[in-house]
Amino acid sequence: MPCCLCFSDAPLNESELKGQRAEAIGRYVGNVNTFQTKLIDVPCSCATLPCCLISAWPYLSPCVQVHMRYRVLNHVSPGSGWTHYQCCQGYCPVCCFKPSDTPHTFPCTCMYLEACCCPALAASANRFVIMDKYGLMPDPCDNSLIRMNNFLLLARCICDIAAIFDKNLRHAAQILDCLSEVLFWSTLGCMTAQTYAEVQFREQAASAVVYQPMPADSDYGSYEAPKAPSAPPAAAE
């Protein structure tokens, strides 16, 4: 993740708003609200680091994504369970991922398959639901990640083509493949932890609004129960 600092976090221009990830992020560019936790700060916080590490582990990430989808859906529609589940929540309308008004017969099973087969789409869908709910704009680190990803894809393409003529470049291509994998899983872990932190913050803020203790210095806070009337004074002799 620190490697992203080498790439600009300025807003994406029209030529960069191409590709699956860039197009998905582009729809939120006009929003004004921001995440409570920046993507670059996720690994540095004790509150989000555990979730980040677990989500970045390939064998545990599917379970985390299933839990987060259930958490996100019930955050947006409390008590709805899996009723509103859709494949990638309709954010990737291709093939079986197309949104439908018909509820899934086995939503939990479908979610497990989605998390195992398409972990990036599953994590992105969880994040997009929260971004739509609160009108959140992309994190500046998103722009750096997109530019870094474009750079790695271009470098891999050049190395793969050059390796056809020079076998010594195959090692460079393999190194770039490893870097891409590291970038993918670290980004997925940070995205999941950021979504988790945002849901936690919103739920805590909502509970604070529901229950607000009365300030001690207010008129009602200093209210005392009326005392029982005292006995009348004895008559003078």
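## Close-up views of an all-helix chain

Buried residues make up 37% of the 237 residues in the protein chain. The model is predicted.

**Figure 1. The whole chain has seven helices and zero strands.** Read from start to end, the pattern is α-α-α-α-α-α-α. Now take the contacts in the chain with a separation of 6 or more. Of these, 74% join residues 24 or more positions apart. The surface comes next. The chain exposes about 14700 Å². Carbon and sulfur atoms supply 63% of that area.

**Figure 2. Helix α4 spans residues 107–117 and has buried residues.** Which residues of α4 are buried? They are Pro107, Met111, Glu114 and Ala115. Seen down the axis of α4, these buried residues fall within an arc of 95°, so they line one face of the helix. Find that face in the view. Then look at the other side of α4, where Leu113, Cys116 and Cys117 are exposed.

**Figure 3. The buried residues of α4 pack against two helices, α3 and α5.** What residues does each partner cover? Helix α3 covers 61–76, and helix α5 covers 119–134. Among the α4 residues packing here are Met111 and Ala115.

**Figure 4. Cys88 sits in the loop between α3 and α4.** Its phi is near 55°. That is a positive value in a residue other than glycine. Is Cys88 buried or exposed? Its relative accessibility is 1%. Buried means under 20%, so Cys88 counts as buried.

**Figure 5. Gln89 is also found in the loop between α3 and α4.** Gln89 is not a glycine, yet its phi is positive, at about 55°. The relative accessible area of Gln89 is 15%. This value is under the 20% cut-off, so Gln89 is buried.

**Figure 6. Ile54, Trp57, Tyr59 and Leu60 make a nonpolar surface patch.** How much area does the patch have? The patch has about 480 Å². One of its residues, Ile54, lies in helix α2. That helix runs over residues 49–55. Ile54 has a relative accessible area of 40%. Exposed means over 50% and buried means under 20%, so Ile54 is partly exposed.

Note on methods: Residues are numbered from 1 along each chain as its sequence is written. This is a predicted model: local features need pLDDT of at least 70, side-chain atom pairs count only at pLDDT 80 or more; totals for chains, interfaces and linings use all residues. Side-chain values use heavy atoms; hydrogens and water are left out. Buried means under 20% relative accessible area, exposed over 50%, partly exposed in between (1.4 Å probe, protein chains only). Helices (H or I, at least four residues) and strands (E, at least two) are DSSP runs, numbered from the N terminus. The arc is that of the directions from the helix axis to the C-beta atoms. Contact means heavy atoms within 4.5 Å. Patches are made of residues with over 30% relative accessible area and no salt bridge: like charges are joined within 9 Å, nonpolar side chains (Val, Leu, Ile, Met, Phe, Trp, Tyr) within 5 Å. Accessible areas come from the Shrake-Rupley method with a 1.4 Å probe; for residues, only the protein chains shown count as cover. A salt bridge is a side-chain nitrogen of Lys or Arg within 4 Å of a carboxyl oxygen of Asp or Glu.
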